[in-house]
Amino acid sequence: MRIADTSDLWWKNALIYCVDIETFFDSDGDGTGDIAGLAERVDYLVELGVTCLWLMPFYPTPDRDDGYDIMDFYGVDHRLGSAGDLVELIRTAKSRGLRVIADLVVNHTSDQHPWFQASRASTDNEFRDYYVWREDEPPDTSDLVVFTQEEKGVWTKDEPTGHWYLHRFYKHQPDLNIANPKVRDEIAKIIGFWLQLGLDGFRVDAVPQLVTVGMKDELESSTAFTDPHGFLRSLRRFMNRRNGQSVLLGEVNLPYKDQVSLFGDGDSAELTLIFDFVAMQQMYLSLARADAGPLATALKNRPAIPPEAQWATFVRNHDELTLDQLSESEREEVFAAFGPEKSMQVYGRGLKRRLPPMLQGDPDRIRMVYSLLFSLPGTPALYYGEEVGMGEDLSADGRMSVRTPMQWTSGPNGGFSSGHEEDLASAVVRGDFGPRHVNVADAKQDPGSLLNFMTKLARRYRECPELAWGSFSVLDQPRREVLAHRCTWDGSSVIAVHNFGAAKTKVPLLLKDAGPDARLVDLLGQDHMELNDDGGAQLELPGYGFRWLRLLSRGEETHKLPQVMTTVASAGKD
């Protein structure tokens, strides 16, 4: 039986919204956001058009890596609330029609986790093989380090036994030994536990490190797990036995050839969705050059994926805005355009900025980028605060620059907390992109705000199943600054056109398969245009302009939708 036979594939046209609970809303005034506060804001997410809430880690932690250093996979950090609060949040979200997923961080644990405390105590205890140890001194592994400013290698000597343990990230985050079947069983138990409490799936952290796919094989052969695809297949099968509509959303920052192998198919399904890091990075190169070519090339090179799978598209996430899939010269172009100061860069491979400050607050350019996000084939994902145009705190270390309090009002602490400023989990953004100028309350009252525009985009995206379900093509375009693409599904097509340049331009379109008397209806405005006899048309776009157009024959209703429900029910069936 294939997944499509038992599931409605809700993830194909979801809108995912990532929340850091600690910085979203503080309900009790102690300066730290909490689960109860997030529950109070669920209706706001529904109004925005969100259909899937993604929770960053909420587990007990020493908090040396913003919660990604976990010391209990079955608990809730006391600063954020209780397990009861979490269940109430999930119930509240589901009562409003939202799915809820959470970070699954099982590449490593905190060094304070009881497993590691037992593992390091001796060489012959039952937890020793839960982690990766070596007796002899390791070679230089500085080229394998993820956080180059903090670590010099991926092995650290541990005094109790004099052996070295593996950590692809910080030394206080020892890697779990996925080759150990007991560890794999523990991961399945973790998944089963949270599914039982109501989660609909997981965003899988650090997939390449977890399964060592696409990594340099410079570690001892005994440390490399030999069957990563079998492991992911077993997790997917287990999940779908427990919840046939659950998902695994993978963080896979690798070339397409390595990404596509992690989807699997049918009974061999692995990850459900994968973040498209390649297209994201090429989009920023296109923005820097005012040339749609890099993004167009990336989209053309996207490999085919199974009908039950999906790409997840995004403008930025909770980490640094990584540019490591670009060449060094390409990366320098993006740095020059959007992060020329060293304080704006991180680890020499990415930016610690949000989009609005990078684009100097240009509303036309910002809207063009988010129009592009929602119109690209795939499932869009937003990081909290994007919808109102929040900025970053460049004085914060690394990735923490974009993990700042949500800006609800123009009042003290941006309405995030009634507590004292010095007690806040992190500092509120200051300046032109801080709460005095950018906040939810003011944006709701402004018909022309970015928030209201994003809400409209979310609604149109949901009304265009072609974007999530359809076949995709980049349309030939002589204007280097213009990306034109088409998604077709169930006999209906949506064409999206975006101008990456600051100057107005005329865009020729040629749709040879358009029938007689066909026309293009504007889905974001009120205009429509007739096509000439050969299916051609000329569009005029202002600088950073964009259009969403549905191809209709004369007599068809302006907002005719494909028969998506019938098609969804049969998707993927032989």
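In the predicted model described here, Thr313 of strand 10 stands opposite Pro380 in strand 14. This position is one point of a wider pairing, since strand 10 and strand 14 run parallel and are joined by three bridges. A further three bridges join strand 10 to strand 9, which covers residues 273–275, and this pairing is parallel as well. Within the pairing of strands 9 and 10, Ile274 is placed opposite Trp311. Strand 10 itself spans residues 310–314, and five of its five residues are buried, so the strand is largely enclosed by the rest of the structure. The cover extends to both of its faces, with Gln310, Ala312 and Phe314 buried on one side and Trp311 and Thr313 buried on the other. Such an arrangement can be read against the general pattern that, in a regular strand, side chains alternate between the two faces of the sheet.

A comparable description applies to strand 7, which comprises residues 201–204. From this strand Gly201 and Arg203 point one way, whereas Phe202 and Val204 point the other way, and all of these residues are buried. Strand 7 is joined by three bridges to strand 3, formed by residues 99–104, and the two run parallel; in this pairing the bridge partner of Asp103 is Arg203. Four bridges join strand 7 to strand 8, which consists of residues 247–250 and also runs parallel to it, and here Gly201 stands opposite Val247. In the loop that lies between strand 7 and helix 6 (207–211), Ala206 is found. This residue has a positive phi of about 55°, although it is not a glycine, and with a relative accessibility of 4% Ala206 counts as buried.

An antiparallel arrangement is found in another part of the model, where three strands form an open sheet in the order 11-13-12. The edges of this sheet are strand 11 (321–322) and strand 12 (345–346), each of which pairs on one side only. Strand 11 is joined by two bridges to strand 13, made up of residues 350–351, and these strands run antiparallel. Within this pairing, Thr322 has Gly350 of strand 13 as its bridge partner.

The loop between strand 14 (379–383) and helix 14 (440–445) contains Thr404, and Asn413 is located in the loop between these elements as well. Thr404 has a relative accessible area of 1% and is therefore buried. When neighbours within four places in sequence are left aside, the residues in contact with Thr404 are Thr23, Tyr384, Met390, Gly391, Asp393, Ser426, Ala427 and Val429. Asn413, for its part, has a positive phi of about 60° although it is not a glycine, and at 13% relative accessibility Asn413 also counts as buried.

Further along the chain, Leu509 belongs to strand 18, which covers residues 505–510. Leu509 is buried, with a relative accessible area of 5%. Its contacts, with neighbours within four places in sequence left aside, include Leu475, Gln477, Ala484, Val497, Leu520 and Leu549, together with Gly535, Gly536, Ala537 and Leu539. Ile495 is also one of the residues in contact with Leu509; the two lie 14 residues apart along the chain, and their C-alpha atoms are separated by 9.7 Å.

Considered as a whole, the protein contains 17 helices and 22 strands. Its C-alpha atoms fill a box of roughly 80 × 55 × 50 Å, taken along the principal axes. A compact globule of 574 residues would have a radius of gyration near 25 Å, and the value of 24 Å found for the protein agrees with this. Of the 574 residues, 63% count as buried, while among contacts with a separation of 6 or more, 69% are accounted for by residues 24 or more positions apart. The protein exposes about 22,100 Å², of which carbon and sulfur atoms supply 47%. With regard to charge, the protein has 60 positive and 87 negative side chains, and the centres of the two sets lie 4 Å apart.

Note on methods. Residues numbered from 1 in each chain as written. Predicted model: local features only at pLDDT ≥ 70, side-chain atom pairs only at ≥ 80, totals over all residues. Heavy atoms only, no water. Pairing = 2+ DSSP bridges. Buried < 20%, exposed > 50% of the residue type's maximum accessible area, 1.4 Å probe, protein only. Rg over C-alpha atoms; globule rule 2.2 N^0.38 Å. Contact = heavy atoms within 4.5 Å. Areas by Shrake-Rupley, 256 points an atom, 1.4 Å probe, with all protein chains shown as cover. Lys, Arg positive; Asp, Glu negative; His and termini not counted. Charge placed at Lys NZ, Arg CZ, Asp CG, Glu CD.
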